[in-house]
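Work through the following exercises on the symmetry and the interface of a two-chain model, and compare each solution with the coordinates.

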Protein chains: 2
Amino acid sequence: MRRRGVLIYALPNLFTSANLLFGFLAITLAFKNQYESAAWAILLASVFDLLDGRVARLTQTTTSFGVEFDSLCDLVSFGMAPSLLMYVACLQNFGRLGLAVAIIFALCGALRLARFNVLASVLPKAYFQGLPIPIASGTIATSVFFTQKIDFTITNSVTVVAMVLFLGLLMITTFRFPSFKDTHLRHRRSFTQVGILFALLVALVLWFEISSFLLLIGYIGFSLAAGGLRQVRKILKVREKSQVVVN
Amino acid sequence: MRRRGVLIYALPNLFTSANLLFGFLAITLAFKNQYESAAWAILLASVFDLLDGRVARLTQTTTSFGVEFDSLCDLVSFGMAPSLLMYVACLQNFGRLGLAVAIIFALCGALRLARFNVLASVLPKAYFQGLPIPIASGTIATSVFFTQKIDFTITNSVTVVAMVLFLGLLMITTFRFPSFKDTHLRHRRSFTQVGILFALLVALVLWFEISSFLLLIGYIGFSLAAGGLRQVRKILKVREKSQVVVN
């Protein structure tokens with residue numbers, strides 16, 4: 001432990017601290033009505049959140065302290081910040097109902113993070129159980145750019161209220177959301193996959209305000225549709241079997 | 001598990017949810033410049049925080065999920081809410097320095113909660129290592145009542161900036177703060193203790209705005225003084241021993 005120095009052990013926690021820093025900043029910016037800056041701060045927090053886990057695994061410095069600290073900072077940046085951003089930008093105009101929706105989103109975020117810490121080691125890695133909180137918060141953050149680009153005023157939008165509530169509740173469902181962790185780009189069919197990935201990247205860079213939000217909404221829609229299809233197939237299989245028995 | 005019903009298992013988590021609810025409310029109230037209401041919301045959150053753990057232990061329904069969920073909600077109510085309350089009421093007038101102090105308090109709160117979850121089972125129960133986060137947040141909340149009562153304007157107060165920074169840093173020290181968990185009121189000397197406790201209770205009820213803050217500051221001061229005394233005694237003992245060796 002001594003040979004590798006203290007810095008390498010501090011590095012993941014430093015990234016996690018940066019995550020909290022940008023989450024905190026997002027909240028103060030939201031209350032100054034600087035919604036776009038707040039949304040950027042939330043996305044920056046996500047970048048640091050992606051980095052901390054990866055760096056810890058790469059340098060093999062994952063600690064139980066780091067896992068706890070990471071969840072806590074995630075709640076600030078991906079539970080509180082997006083919820084308060086939408087509260088100031090829209091929900092507060094709906095009185096207590098709006099406040100309730102904002103609190104429900106934050107509460108569902110906390111429940112999602114607590115469940116993840118308890119179940120992460122037990123569940124399969126190919127998919128997430130319930131919408132991951134950084135994707136819920138990313139959808140909210142990018143919706144700020146998207147609505148501004150298409151000139152849609154969110155101040156009194158019922159659609160936004162419904163979206164925040166829906167994203168919150170999706171986090172505490174047991175619906176499956178693919179993690180793509182079992183996708184290997186070395187396989188034969190990878191050529192098409194790399195092509196799609198490249199096209200998405202180009203779209204993200206050139207039309208970020210539009211494509212980032214649509215990509216996340218597309219991911220959520222695709223996951224829900226795939227889950228629905230799985231359910232239908234299951235029911236059909238059960239019926240087939242019972243018909244075989246009857247015949 | 002079935003015989004005792006689902007409700008008894010949900011009860012501690014319901015209290016924890018109420019903790020988050022009042023923490024969230026405190027943040028929105030702070031940004032509406034309703035500092036006293038925000039401070040009350042933080043204190044109410046503390047009451048629910050005291051209840052959840054106790055109810056879980058009494059009904060023997062403590063779960064690892066509950067422990068995780070509790071920490072997350074604690075960060076909202078005792079890390080974010082007091083920090084944002086002081087940011088709006090005072091720190092923001094100090095520019096980036098004020099923002100930095102607010103973020104440091106929240107960050108130290110997250111570090112304290114993460115450390116507690118990792119070390120709670122290992123450390124002795126007679127004292128806390130580092131200032132507990134509900135006491136740091138309680139000191140900030142009651143300081144709002146106190147300063148208002150003595151007509152002290154906090155808007156541009158350097159003392160308040162120093163207090164928030166000091167409370168934040170105290171959380172991540174390893175200083176000992178007595179938990180009073182080994183105090184048994186059935187002992188012989190308990191008569192005086194019950195008397196003191198009763199006097200404190202009367203003071204708390206009759207002069208809450210003054211006594212609540214002074215009590216918390218007194219607790220912190222007493223703990224630091226006791227720690228200092230322990231250090232001095234240790235040094236003296238080492239000297240005595242070395243003198244004995246010399247003689």
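**Exercise 1.** Determine by what turn and what shift chain A can be laid on chain B.

*Solution.* Superposing the copies by least squares on the C-alpha atoms of residues with pLDDT of at least 70 in both, one finds that a turn of 180° with a shift of 0.0 Å along the axis lays chain A on chain B with an RMSD of 0.0 Å. The two copies are therefore related as by a two-fold rotation axis. In chain A, the C-alpha nearest this axis belongs to A:Leu72, at 2.9 Å from it. The same surface serves both copies, since 100% of the contact residues of chain A recur in chain B.

This is a predicted model, in which local features need pLDDT of at least 70 and side-chain atom pairs count only at pLDDT 80 or more, while totals for chains, interfaces and linings use all residues. Residues are numbered from 1 along each chain as its sequence is written, chains are lettered from A and ligands numbered from 1 in the order in which they are written, and side-chain values use heavy atoms, with hydrogens and water left out.

**Exercise 2.** Describe the extent of the interface between chain A and chain B.

*Solution.* Begin with contacts (heavy atoms within 4.5 Å): 34 residues of chain A touch 34 residues of chain B. Next, take the buried area (the accessible area, with a 1.4 Å probe, that two parts lose on being put together, summed over both), which is about 3100 Å², with carbon and sulfur atoms giving 88%. Finally, A:Phe24, A:Glu68 and A:Leu72 supply 21% of the area that chain A buries against chain B, more than any other three residues.
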